[in-house]
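Welcome to a short tour of a protein model. Keep the sequence and the 3D view open side by side, and look up each part as it comes up.

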Amino acid sequence: MLMASNIKPQPGIMDITLYQGGVSTVDGVQNVLKLSSNENPGGPSDLTKDAFSRAAHDLHRYPSTDHRSLREAIGEIWSLNPERVICGVGSDEILHLMCQAFAGVGDEVIHTEHGFALYRISTLAAGATPVEVKERNRTVDVDAILAACTPKTKLVFIANPANPTGTMLGASEVARLAEGLPPQAILVLDGAYAEFVEDFDAGLALIETRGNVVMTRTFSKIYGLGGLRIGWGYGPQMVIDVLNRIRGPFNLSGAALAAAEAAVRDVEHTAKCRSDNAHWRDWLAQALAKSGVPSDISKANFILARFKSEDEALACNAHLLSEGIIVRHPKGYGFPYCLRITIGDESACRRVAHAIATFKEATQ
Ligand SMILES: *Cc1c(COP(=O)(O)O)cnc(C)c1O
């Protein structure tokens, strides 16, 4: 049926390009190795899976609307005030709510050149204007962001560590950014990969000393729960109160809440994932460098491998696919000459390193 021509979506929505998830299958290949979505190769911990299974007995019950038990667990583990935690359907929902609540038609929202695609999507969905700022050497550039701020700037999104670069801003640079923003703007620190960094507060100290910083976190990466969709945010009480007014009262299922609580409390397992990841990430970066494929020092659970050209990156990607290995070609993030490779377990790292070495030898 034809759509009546007077019926139109809100401004901005038709400018949204659909988010591209990591590919997970290769035609005709059985033993596929998926290293395209920064997933934890070991999946969730045993305690997390047990909690999820137990939740099956309560599927007829509506879940908690205030997420108190999960917020208290997060508060305990990360030493923060549970009253100022908000839980969402992935950190995606928190990012989305931030735009919906604080940016609208005529407002500007800053993201960086290689920043996460969702910042732009959520900005447009709210009717606001995305403003893209250059990075420097594949790292967020505080001066460039401050120079791009105007009286219309409402939000600034950065991920730290960043995706797909894996690079980080130091605490003093993040503080300089927060201090330099115009008074009506909020800095959103996306900490999707924060748990992979040793002794990192993800901006917590800054949030406690300033009124204009919010942090988002996820259970999709180190906790291995991407399929369950759980994230959280932390910030000033006023911001959290605003977000709670617009989020769905039953946004998280009981099973998701139970699994997330078990996951965040399983600190031993998280520490093991962190150290395994660091070990194999550094091993893989060195192995690729030996094959003539450099990368920046990554603090996350992936590395951004640089090739000589887009053609070489695409040829290597084709070779990897022929071996059943799926990585990400981050062309849409401004890196046509790169491949982003998730850190898998030992055998995954050895398999992808070997395949890239073979490719380089054959094409040299
Ligand atoms: C993976 C990722 C997220 C997590 O999104 P969820 O909705 O929590 O799964 C957020 N930000 C960045 C930069 C990411 O790479």
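## Helix α6 and its two sides

In this predicted model, helix α6 (residues 171-180) has four residues to look for: Val174, Ala175, Leu177 and Ala178 are its buried ones. If you look down the axis of α6, these buried residues fall within an arc of 160°, so they line one face of the helix.

Now turn the helix around. On the face of α6 turned away from its buried side, you will find the exposed residues Ser172 and Glu179. As for the neighbours, the buried residues of α6 pack against α5 (142-148), β5 (153-159), β6, α7 (204-209) and β7.

## Helix α8, seen in the same way

Next, try helix α8 (residues 237-246), where Val239, Ile240 and Leu243 are buried. These residues sit on the same side of α8 because they cover an arc of only 95° around the axis.

The exposed residues Met238 and Arg245 are carried by the face of α8 turned away from its buried side. Several elements help to cover the buried residues of α8, including β2 (85-88), α3 (90-102), β6 (186-190), β7 (213-218) and β8 (231-234).

## Two nonpolar cores

Here is a general idea to keep in mind: in soluble globular proteins, nonpolar side chains tend to be buried together. In this model, the largest nonpolar core has 52 residues, and those that touch the most other members are Leu70, Ile74, Ile158, Leu187, Phe219 and Trp232. Helix α9 (residues 254-265) supplies the largest share of this core, with 6 residues. Both domain 1 (20-43 + 268-363) and domain 2 (46-265) add at least three residues each to this core. There is also a second, separate core of 27 residues, and Leu118, Leu155, Val188 and Leu243 are among them.

Which residues does leucine 70 touch, leaving out those up to four places away in sequence? The list is Cys87, Phe219, Ile230, Leu257, Ala260, Glu261 and Val264.

## How the domains meet

The chain is divided into domain 1, made of residues 20-43 + 268-363, and domain 2, made of residues 46-265. Their C-alpha centres lie 26 Å apart. The contact takes 23 residues from domain 1 and 24 residues from domain 2.

## A pocket and some cavities

The largest pocket has a volume of about 650 Å³. It is lined by 28 residues, of which Leu18, Gln20, Ala117, Gly332 and Tyr333 are the closest to its centre. Two elements give two or more residues to this lining: α4 (117-125) and α11 (310-322). Of the elements, α4 gives the most, with 4 residues.

How many cavities of 30 Å³ or more are there? The count comes to 3. The largest cavity holds about 60 Å³ of space. Among the residues that line the largest cavity are Thr112, His114, Phe116, Tyr119, Glu135, Ile158 and Asn163. You have met Ile158 before, as one of the residues that touch the most other members of the largest nonpolar core.

## A glycine in a loop

For a last stop, find glycine 292 in the loop between α10 (267-290) and β9 (302-306). Is glycine 292 buried or partly exposed? Glycine 292 has a relative accessible area of 41%, so it counts as partly exposed. Arginine 306 is 14 residues from glycine 292 along the chain, and the C-alpha atoms of the two are separated by 9.2 Å.

Key: Residues numbered from 1 in each chain as written. Predicted model: local features only at pLDDT ≥ 70, side-chain atom pairs only at ≥ 80, totals over all residues. Heavy atoms only, no water. Core = buried A, V, L, I, M, F, W, Y, C linked by side-chain atoms within 4.5 Å. Buried < 20%, exposed > 50% of the residue type's maximum accessible area, 1.4 Å probe, protein only. Domains from an automatic or database assignment. Contact = heavy atoms within 4.5 Å. Arc of directions from axis to C-beta. 1 Å grid on protein atoms, 1.4 Å probe; cavity = no way out; pocket = protein on both sides within 12 Å on 5 of 7 lines; lining within 4 Å. Points joined across faces, edges and corners; volume = space filled by probe spheres on them.
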